[in-house]
Amino acid sequence: MEDTPSSNFLQSIISDDIASGRVKEIVTRFPPEPNGYLHIGHAKAISVNFGLAEANHGRCNLRFDDTNPGKESQEYIEAIQADVQWLGYSWDAEVRYASSYFGQLYDWAIHLVTHGDAYVCDLSPDEAREYRGTLTEPGRNSPSRERGVAENLDLLARMKAGEFDEGTKVLRAKIDMSSPNMNMRDPILYRIRKVAHHQTGNDWVIYPTYDFAHGQEDAIEGITHSICTLEFEDHRPLYNWLLEHLPVPSRPKQHEFSRLNPSYTVTSKRKLKKLVDEGVVTGWDDPRMPTVSGMRRRGYTPAAIRKFCDMVGTTRSDGVVDVAMLEFAIREDLNENAVRGMCVLRPLKVVLTDYPSGKVEDLRAAGHPNRDDLGERVLPFTRELYIEADDFKAEANKKFKRLVLGKRVRLRNAYVIEADEVVKDALGNVCEIHAHTIPNTLGENPQDGIKPKGVIHWVSASQGKNAQVRLYERLFNHEAPDRGDNAFMDYINPESLEVIENAWIEPSLAAAIPEQGFQFEREGYFVADRYDHSPDKPTFNRTIGLRDTWDNP
RNA sequence: UGGGGUGUCGCCAAGCGGCAAGGCACCAGGUUUUGAUCCUGGCAUUCGGAGGUUCGAAUCCUCCCACCCCAGCCA
């Protein structure tokens, strides 16, 4: 996993800062709020923050931005840590929590009040909205704005003591109600929330807002480059204002990059949560989810995800990235590293009439076509086999390079066979093929010079094993399901999952370790399910199909 | 009609005054016991538009256009 992060504007900034001596060691942070699972967009942020730290021999913290206890939980905290580790990153020292700075933040709030830079406001949420003005009209000063320092100090202390109800009072910075930047119109610093916090319990009934917490957290941790996404750009003046008005121990700088939007996917915790809550998927780690845990279960590898993030680059322009790029990244990784195997998804029985019944011939096949280090596997060959139903046609034109009645085909890693007759059931459906082997075709072409039309995969009927295989397709039919509010629910692909209960796998595959990835030859890349797979009940998820350039008519 | 951003091939993205990198996708060949991989070749006389500066501009200036973000006591 040797990533060579490509250069980008953030790296340029860092290089300049190091060259100018502004910073000696670079320190970044990944600051998720524990209110949901990490998704591919977070993977990008993780890759950017940890990647930049790594590339510059610096450090990166993992910090939970837990300032809104009502929406957060310990479950998410644990899942997020597991995801970051799985992606292959190590944060500096211990995990950090915004909540562990609540005391310091409160002291700083007092500092602002003392200096006349903040006040306790009595406006209700509705009134506050009205006073804030609009995008084109300035706001009006709150009636509470000119309260004296002593009174503000007293009120703030009483807010902290729990004397007031939620929504009745907030602490606000005194900046400029007529600023064209809405964030500067006396932003709220503290609000009353009488709920227990997952880390601090009932210690607090007032909680700092993102704006009052983030920059100060960065300063406390000595973050040199506070990297976030574009929507926080308008907050930067406030971020700086607070740092300038507070006796903080360091002076971090915020830089924004555009968030990742893969096509055909939704990345918004709210929307992902809805998919989970409404049972569209089985959970946050459903293999169709763009969550880190979902992709993991789907068979994506950390290396592929990191490669993808690197391929996509880091800029300030928004756009939609073709998921084909993500698919390329995982195919590339698995093509190179996954052991091959054969699995028949829709079995059609073939009886080799010239082959002795009861005979089991242990053929050998390479674990990987061009990597000897991946070993080899034993492939039992028998009189009765299964092939893919799609790989047989009684008649077909020359473009069909599979088994045709009266014609030959190579059984992958085994003999060339020729189809002799079709057995049909009462309804006229093909249910069995009778064929015979062409002698001496193990590893060589038929001696009569008549070459097989193609190569198909197969599994011994008596030696193979039954498996459940889940075929996944994209969850949405729309290229950009994320635009619009709830429209994404209308674009859900009803065929995003097909469960095949009786696929037939070669025996070696039953020994797969959960989460081990394979290439099922001619089909695609599959992974032994992280939770459901066992030698007794082999269970595989299709990660991604093989690239298919055959223009099947 | 306020403020902040962004506009380079179908998608992502280099480029920072000297005459359009690369990747994905796609197309055409070659190799192949995976219609996979691999290999070879093709794929922007043009950089949102219009003016201007300059010997010379995607890169500088002016104006215009399009799109994204901001009116949570969310982050």
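**Entry 1: crossovers at β2**

I began with β2, helix α3 (residues 74-86) and β3, which form a right-handed β-α-β unit. I call a crossover right-handed if, with the strands pointing away from the viewer, the path from the first strand over the helix to the second runs clockwise. Helices (H or I, at least four residues) and strands (E, at least two) are DSSP runs, numbered from the N terminus. This is a predicted model, in which local features need pLDDT of at least 70 and side-chain atom pairs count only at pLDDT 80 or more, while totals for chains, interfaces and linings use all residues. Residues are numbered from 1 along each chain as its sequence is written, chains are lettered from A and ligands numbered from 1 in the order in which they are written, and side-chain values use heavy atoms, with hydrogens and water left out.

I then looked up the pairing of β2 with strand β3 (residues 96-97), and found it parallel, over 2 bridges. Two strands are taken as paired if DSSP finds at least two bridges between them. Arg63 has Arg96 of β3 as its bridge partner.

On the side of strand β1 (residues 27-30), I noted 4 bridges to β2, again with the strands running parallel. Thr28 stands opposite Cys60 in β2. β1, helix α2 (residues 40-55) and β2 also make a right-handed β-α-β unit.

I checked the cover over strand β2 (residues 59-64) as well: 5 of its 6 residues are buried. Buried means under 20% relative accessible area, exposed over 50%, and partly exposed in between, with a 1.4 Å probe and protein chains only.

**Entry 2: residues with positive phi**

I looked for positive phi outside glycine and recorded His57, with phi near 55°. His57 sits in the loop between α2 and β2. His57 counts as exposed because its relative accessibility is 70%.

I also recorded Asp186, which is not a glycine and has a positive phi of about 45°. Asp186 belongs to the loop between β5 (170-173) and β6. In contrast to the exposed His57, Asp186 is buried, at a relative accessible area of 1%.

**Entry 3: the mixed sheet**

I traced an open sheet of 7 strands with mixed pairing, in the order β10-β25-β26-β27-β23-β24-β11. β10 (339-341) and β11 (343-344) are the edge strands; each has a single partner strand, so one side of each lacks a neighbour in the sheet.

Within this sheet I looked up strand β23 (residues 465-472) and strand β27 (residues 539-545), which run parallel and are joined by 3 bridges. Asn541 in β27 is the bridge partner of Arg470.

**Entry 4: cysteines**

I searched the whole structure for disulfides and found 0, a disulfide being a pair of cysteine sulfur atoms within 2.5 Å. For Cys309, which is in no disulfide, the nearest cysteine sulfur is that of Cys60, 14 Å away. Cys309 is buried at 3% relative accessibility, and Cys343 is buried with a relative accessible area of 0%.

**Entry 5: Asp17**

I located Asp17 in helix α1 (residues 9-20), where its relative accessible area of 12% makes it buried. Asp17 and His225 lie 208 residues apart in sequence, yet their C-alpha atoms are 9.8 Å apart.

**Entry 6: RNA strand B**

I asked how many residues surround RNA strand B. There are 61, and the closest are Arg193, Arg412, Gly443, Gln519 and Thr549. A residue is near the strand if one of its heavy atoms lies within 4 Å of it. Of the atoms of RNA strand B that come within 4 Å of the protein, 65% belong to sugar and phosphate.

By class, I noted 22 nonpolar, 18 polar and 21 charged residues on the surface near RNA strand B. Ala, Val, Leu, Ile, Met, Phe, Trp, Tyr, Cys and Pro count as nonpolar, Asp, Glu, Lys and Arg as charged, and the others, Gly among them, as polar.

I also asked which elements each supply at least two residues of this surface. They are α5 (125-132), β6 (188-192), α11 (302-312) and α12 (323-337). The largest share, 4 residues, comes from α12.

Lastly I listed individual atom pairs. A sugar or linking oxygen of RNA strand B is 2.3 Å from a side-chain N or O atom of Arg193. Another entry places a sugar or linking oxygen of the strand 2.6 Å from a polar backbone atom of Val312. On the base side, a base nitrogen of RNA strand B is 3.2 Å from a polar backbone atom of Pro125.

Note on methods: A polar contact is a pair of N or O atoms within 3.5 Å; within protein, one must be able to donate a hydrogen and the other to accept it, and residues adjacent in sequence count only if both atoms are side-chain atoms.
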